[in-house]
Amino acid sequence: MAANAAALRGITKHYKNFTLGPVDLTVPAGSIVGLIGENGAGKTTLLKLLCGVNRADGGTAELLGGFPADAATRAKLGVVFEDAFFYESLNAAQVGRSMAGLFGARWNWEAFHGYLRRFGLDADQKLRAYSRGMRLKLNLAAALAHSPELLVLDEATAGLDPVVRGELLDLFLEFIQDERHSILMSSHITADLEQVADSIAYLHRGQLLFHENKDELLQEYGVLRCGEDALATLPADCLVFTKRGAFGCESLVKSRTAVQEFLPGVVCDAASLDDIMRFYSGRDTQ
Amino acid sequence: MKGLFAKELAILTTSLKRNVLFVALFYGFISVASRQPYMAYALAFFFTLICLSTISFDENSHWDTYVRTMPVTPTQIIGCKYLCTLGGLVLGMLAATGIIAIINLVCTVWVSEPGAISFPADVAATLLVCGGMVLLFAALLLPLSYKFNSVNARSWLFLLIAGFAGLGGLLIAILPAELRGGFITLLNNTDEASALLMLAALFAVMLLVYGISYRVCVRIYEKKEY
């Protein structure tokens, strides 16, 4: 089995007012990669390039031992886009029949019905009667029922309540348990990624700022709250960005352990993914 | 490709079944009741238009983006649309023929109205003309829909039709009267069999145009960004 489920090398895509890349991103086999970034950072663009929806202007994309443009390779891919549904007049049974015709021998009716039961979806009910969460669950059932090797999720948990999100996260962890399956998921709900992701890739204004192991990332970054004079003693490469307020400074720092050794009496909490994004975004806004 | 046809059929039967049945029955009833066989030919256009309308359903649900992540090629995706549209045309032509057969039966058995009876040659000729026009309409609309989206495509199509009609009218206007007269005389002097053959040839040309449209549409779709 290949070491990577997907590998993007030097991928670029140019639009009138936006350029993505060059981006180098790999999805190791058997792992969950969380893709974060502000609105308009290029996450959906990147995922569409990987899934074969659009073509990159430069670079190469490898997907599950083949290429996104190859229809046979896409048979091993399961995709859930936030706003792409089946037409509302259909029901789950009709969706299943369409997908069975598309995926042929890979389609597993038993698995599909199993997911429908697990998600509490009525196969005969029209999709217009489904809530948003139910539609996403159906999309997921359709994406999983043909045993994909890579699941690509674009904001698949957006707008869902915590209970449903929890169920889906458990499902994702089950999915990768056998090490043959991988997930690449973009989400604004960073708490979900902190829970399930193995690594985090941060896309910012079309550039990949980092792709690191999640636990190491959360260990490495910290939010330092101190005065200006304390900040001045820190090495420049430790500081990502500082917000100065009336009561002191709040800074995103790298090498949290080293900072705590420099300034033992100062508060330096572990940074969440949200903090990392806010500070990087603030730095570039300035 | 089976899955693509299954999806098209599912949409047509769930979203449009009621509309289709109502219009078909309405047209059929009016056509039979008023003994106006020419109304029935509109069904060829109607059924084709119904099949063409699935493109807007795909756009609304973003299926057109989603399907590109699946194991189907652009040739198959576009091919399915073209075949379904052709199927709609065939269904419409069959429905028209059925209604005309009922009118003929009514006019023979119950109401003596020989003027409303359609002869097979007339039916065949009219179906060939209608079918050819519908094929041309679909051949223009499909690539425009993929190039500009289904709503803008209609505007472009009306512009094209207006352009062609205007150009055609201008050509006829500037043609010398002898040529115009000669052409009309030629048509009047053509026997039924030859006329049918000409119309069949024109229909075949329209099928060829439809095939070229398919090739162009595949190219447009391959380059399209979502």
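What share of the contacts in chain B with a separation of 6 or more is accounted for by residues 24 or more positions apart? In the predicted model examined here, such residues account for 82% of these contacts. The secondary structure of chain B consists of 11 helices and zero strands, so that, when read along the sequence, the chain follows the pattern α-α-α-α-α-α-α-α-α-α-α. The C-alpha trace of this chain spans about 60 × 50 × 25 Å along its principal axes. Of the 226 residues of chain B, 42% count as buried, while the chain exposes about 12,100 Å², of which 74% is supplied by carbon and sulfur atoms.

Within chain B, helix α5 illustrates how one element is covered by others. Six of the eight residues of α5(B) are buried, and the helix is accordingly described as mostly covered; the buried positions are T54(B), I55(B), S56(B), F57(B), D58(B) and S61(B). The cover over these buried residues includes α1, α4 (42-52), α6 (63-66), α7 (74-110), α8 (120-148) and α9 of chain B. After α5(B) comes H62(B), a residue with a positive phi, near 60 degrees.

One of the buried residues of α5(B), D58(B), takes part in a salt bridge with K7(B), in which the closest N and O atoms are 2.6 Å apart. This pair links distant parts of the chain, since K7(B) lies in helix α1 (residues 2-15) and D58(B) in helix α5 (residues 54-61), 51 residues apart. Both K7(B) and D58(B) are buried, and salt bridges that share partners join these two residues with E8(B) and K81(B) into one network.

At the surface of chain B, L167(B), L170(B), L171(B) and I174(B) form a nonpolar patch, with about 430 Å² of accessible area together. L167(B) is located in helix α9 (residues 150-174) of chain B. With a relative accessible area of 52%, L167(B) counts as exposed because its value is over 50%. In general, an α-helix has 3.6 residues a turn, so residues three or four places apart point the same way.

The association of the two chains was examined next. In the model, 26 residues of chain B are in contact with 31 residues of chain A, and the two chains bury about 2,500 Å² between them, with 61% of this area on carbon and sulfur atoms. Y66(B), T69(B) and P71(B) supply 26% of the area that chain B buries against chain A, more than any other three residues. The count of salt bridges between chain B and chain A is one, compared with a count of 19 over all chains.

E225(B) and K13(A) meet through their side chains in a salt bridge with an N to O distance of 2.8 Å. The side chain of K13(A) also meets that of D57(A) in a salt bridge, here with an N to O distance of 3.8 Å. The latter pair links distant parts of chain A, with K13(A) in strand β1 (residues 4-14) and D57(A) in the loop between α1 (43-51) and β4 (58-63), 44 residues apart. The two partners are covered to unlike degrees: K13(A) is buried, with a relative accessible area of 3%, whereas D57(A), at 46% relative accessibility, counts as partly exposed.

Elsewhere in chain A, D178(A) forms a salt bridge with R180(A), the closest N and O atoms being 3.6 Å apart. Here D178(A) counts as partly exposed at 36% relative accessibility, and R180(A) likewise counts as partly exposed, at 46%.

A contrasting case in chain A is R135(A), which is placed in helix α5 (residues 132-144) of that chain. R135(A) is buried yet has no salt bridge, and E88(A), the nearest side chain of opposite charge, is 4.4 Å away. A salt bridge requires the relevant nitrogen and oxygen atoms to lie within 4 Å, and the separation between R135(A) and E88(A) is 4.4 Å. When residues up to four places away in sequence are not counted, R135(A) touches F85(A), E88(A), L127(A), R128(A) and Y130(A).

Methods: Residues numbered from 1 in each chain as written. Chains lettered and ligands numbered in written order. Predicted model: local features only at pLDDT ≥ 70, side-chain atom pairs only at ≥ 80, totals over all residues. Heavy atoms only, no water. Patch = residues over 30% accessible without salt bridge, like charges linked within 9 Å, V, L, I, M, F, W, Y side chains within 5 Å. Areas by Shrake-Rupley, 256 points an atom, 1.4 Å probe, with all protein chains shown as cover. Helix = DSSP H or I, 4+ residues; strand = E, 2+ residues; numbered from the N terminus. Buried < 20%, exposed > 50% of the residue type's maximum accessible area, 1.4 Å probe, protein only. Lys, Arg positive; Asp, Glu negative; His and termini not counted. Contact = heavy atoms within 4.5 Å. Buried area = accessible area lost by both parts, 1.4 Å probe.
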